[in-house]
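Subject: A structure for you to look at

Hi,

Here is the structure I promised to pass on. Open it up and have a look around before you read the rest.

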Amino acid sequence: MKSFEELGLSGQLLAAIRELGFEHPMPIQEEVIPYLLEGDNDVVALAQTGTGKTAAFGLPLLQKLDLDTKDTQALVLCPTRELCIQIADDLKDYAKYLDNLYVLPVYGGASIKNQIMGLKKGVQVIVATPGRLIDLMERGHVDLSKVRNVVMDEADEMLNMGFTEDINTILAAVPENRNTLLFSATMPAEIEKISRTYMRDPREIVIGRKNESTASVRHICYMVKSTEKYQTLKRIIDYYPRIYGIIFCRTKVETQEIADKLIHDGYNVDSLHGDLSQVQRDYVMQRFRIHNIQLLVATDVAARGLDVDDLTHVINYTLPDETEVYTHRSGRTGRAGKTGISIAILNMREAHKVRTIEKLINKTFEVGKIPTGKEICSKQIFNLMDRIEKVEVNEEEISDILPSVFSKLEWLDKEELVKRMVALEFNRIIAYYRDNEDFTAESDTLQTKRERNHVEVKREEGFTKLFINIGKMDGFGPKDFLGMINNTVGKTGDGKISVGRIDLFTRYSLFDVDQAHAEEVMRELGSLRLRGRSIRVSEATDEQIDRGIKEKSEPRKKHRKKNN
């Protein structure tokens, strides 16, 4: 394991990070820092939230600054106000022993006049959200002509939030000979496009696998009826007495509704969503960070700036519309060397997303069994026993009141005292689960889907699966495909292109060709036209394959409906 000294950092930076408690570089820091320090290099770094990305780009960025001038030399773009403030604070901590260094966070929801005043004084580093930076650029208060390093942190989330046009505008105002550093948890097509357009031969550094979820996170799903989702959520919370986590919902309305229900039912919960004022959001996040709140019900956007290392659970009350967002959610637990659990509570309409997410995170969901009332009560009671065993007793502080307590309870023997203590703590839970019947998850249905999906439309070894926008509606069958491929594409030594599995759908098809000829097939077939329509051929994406899997199961449903 390397030390920070071996990475080439200056003495001032090493002194600051030692004071912060940094002992050894994390994997992304070990990869990125020396590469950035050795020259003017562009980087695309893919890693989950909480893996040390800020120090990975921040330390070399600070070391490269010319502190004899107050020109803006570095720009860090990020999606949310909270993350903007956090990055700026981290950079200031790293720069504690660097004289005449100025870092300014620029974000919406704060006084633009104060930010303009800060810019007029001169700052070497601007950390900004795209919208507020564009506003300041249009007012003529930002000069990016001397910027030598641009960092885009959580780039995938910025694109998800609709900042693509703003990013293009900002990058167009920065010198072309800059370094561009792009940090992201996932690698969607839009980021690849930015990389091709604005970066110079970037080195791709991947910590783990692309789009892979944190290795220390278990993934569990519960398949239930829509009417049972809230009851399932309550049982999960009760089953984990020491839970400290975030419950993610898709909309602001749903977030507030679930939070209100949980508060009404006696849980230590608050909500975080876009309808709250910035003061309210800051207050809620601070209470959550110091554990005054056990559970936070939040939307994805509102929770982006919340950085907490010790979350035990992330619960997906509803899955996100974009499957890549799941990696952001699950990556919030299992951090800083700890383990975590990411739970998804699904109804049958969401079942098809499970396989897509599994392929994205390169893991298989455990199919959860909904805890029974008896199991929950046992868990809660043993947690109480554990707390009693581990409680610290300061006899000096309680010695004055102990005689009165002993006198008051002397008529109770040990067994009766324990009974009453357990009843006092758990009467509410015991009564609730006595009056509410247990129910089971739809695990068999999910497993059947998983087994069917495993064998249909799969990728074959040695072949590349291709997508083509020709299907049954064009009158094509397997023989037509084989004829078109072999008549159009250059012949191999034996006179034929090796074609594997062919799956025909209404408007498109998926087919396998040997890897050696895949590029040739895409190029040649892509130059053809069918009845005036351009033929489009590309390597099949996971989403296209999953769509094919789903479509293959639909004809049976339609057939049954027709006979009814």
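Below is what turned up, starting with the whole chain and then going into the details.

One thing to keep in mind from the start: this is a predicted model.

**The overall picture**

The chain has 564 residues, and 50% of them are buried. Its secondary structure comes to 23 helices and 20 strands. If you take the contacts between residues at least 6 apart in sequence, 76% of them join residues at least 24 apart. As for the outside, the accessible surface comes to about 28400 Å², and carbon and sulfur atoms account for 49% of that.

**The nonpolar cores**

In soluble globular proteins, nonpolar side chains tend to be buried together. Here the largest nonpolar core has 41 residues, and Leu59, Leu62, Val127 and Phe183 are the ones with the most contacts inside it. Several elements each supply at least two residues of this core, including the helices α1, α2 (27-37), α3 (53-63) and α4, along with the strands β1 (43-46), β2 (74-77), β4 (125-128) and β6 (179-184).

Try clicking on Leu59. Which residues is Leu59 in contact with, leaving aside its neighbours within four places in sequence? You should find Phe4, Leu9, Leu13, Ile17, Ile33, Thr54 and Tyr94. Apart from the largest core lies another one, of 32 residues, with Ile112, Leu119, Val123 and Met158 among them.

**A seven-stranded sheet**

Next, find the open sheet made of seven strands, which pair in parallel in the order β10-β11-β9-β12-β13-β8-β14. The edge strands, β10 and β14 (366-367), each pair on one side only. Strands of a sheet pair through backbone hydrogen bonds, either parallel or antiparallel.

For a closer look at one end, go to β14: two bridges join this strand to β8 (residues 217-223), and the two run parallel. Ile220 has Glu366 in β14 as its bridge partner. At the β10 end there is a helix to spot too: α11 lies across β9 (245-248), β10 and β11 (295-298), and runs at about 170 degrees to β10.

**Salt bridges**

How many salt bridges does the structure hold? There are 19, and here are three to look up.

- Lys96 and Glu19 meet through their side chains, at 2.7 Å from N to O. This pair links distant parts of the chain, 77 residues apart: Lys96 is in the loop between α4 (81-94) and β3 (103-106), and Glu19 is in helix α1 (residues 11-19). Lys96 has a relative accessibility of 52%, so Lys96 counts as exposed.
- Asp265 and Lys234 have their closest N and O atoms 3.2 Å apart. Again the pair links distant parts of the chain, with Asp265 in the loop between α11 (252-264) and β10 (269-272), and Lys234 in helix α10 (residues 229-239), 31 residues apart. Asp265 is partly exposed at 23% relative accessible area, whereas Lys234 is buried at 6%.
- Arg501 and Asp503 have their closest N and O atoms 2.7 Å apart. Buried or exposed: which word fits Asp503? With 3% relative accessibility, Asp503 counts as buried, while Arg501 is partly exposed at 25%.

Have fun exploring, and write back if anything is unclear.

Cheers

Note on methods: Residues numbered from 1 in each chain as written. Predicted model: local features only at pLDDT ≥ 70, side-chain atom pairs only at ≥ 80, totals over all residues. Heavy atoms only, no water. Salt bridge = Lys/Arg side-chain N within 4 Å of Asp/Glu carboxyl O. Helix = DSSP H or I, 4+ residues; strand = E, 2+ residues; numbered from the N terminus. Buried < 20%, exposed > 50% of the residue type's maximum accessible area, 1.4 Å probe, protein only. Pairing = 2+ DSSP bridges. Contact = heavy atoms within 4.5 Å. Axes fitted to C-alpha atoms, helices over the stretch in contact; angles between N-to-C directions. Areas by Shrake-Rupley, 256 points an atom, 1.4 Å probe, with all protein chains shown as cover. Core = buried A, V, L, I, M, F, W, Y, C linked by side-chain atoms within 4.5 Å.
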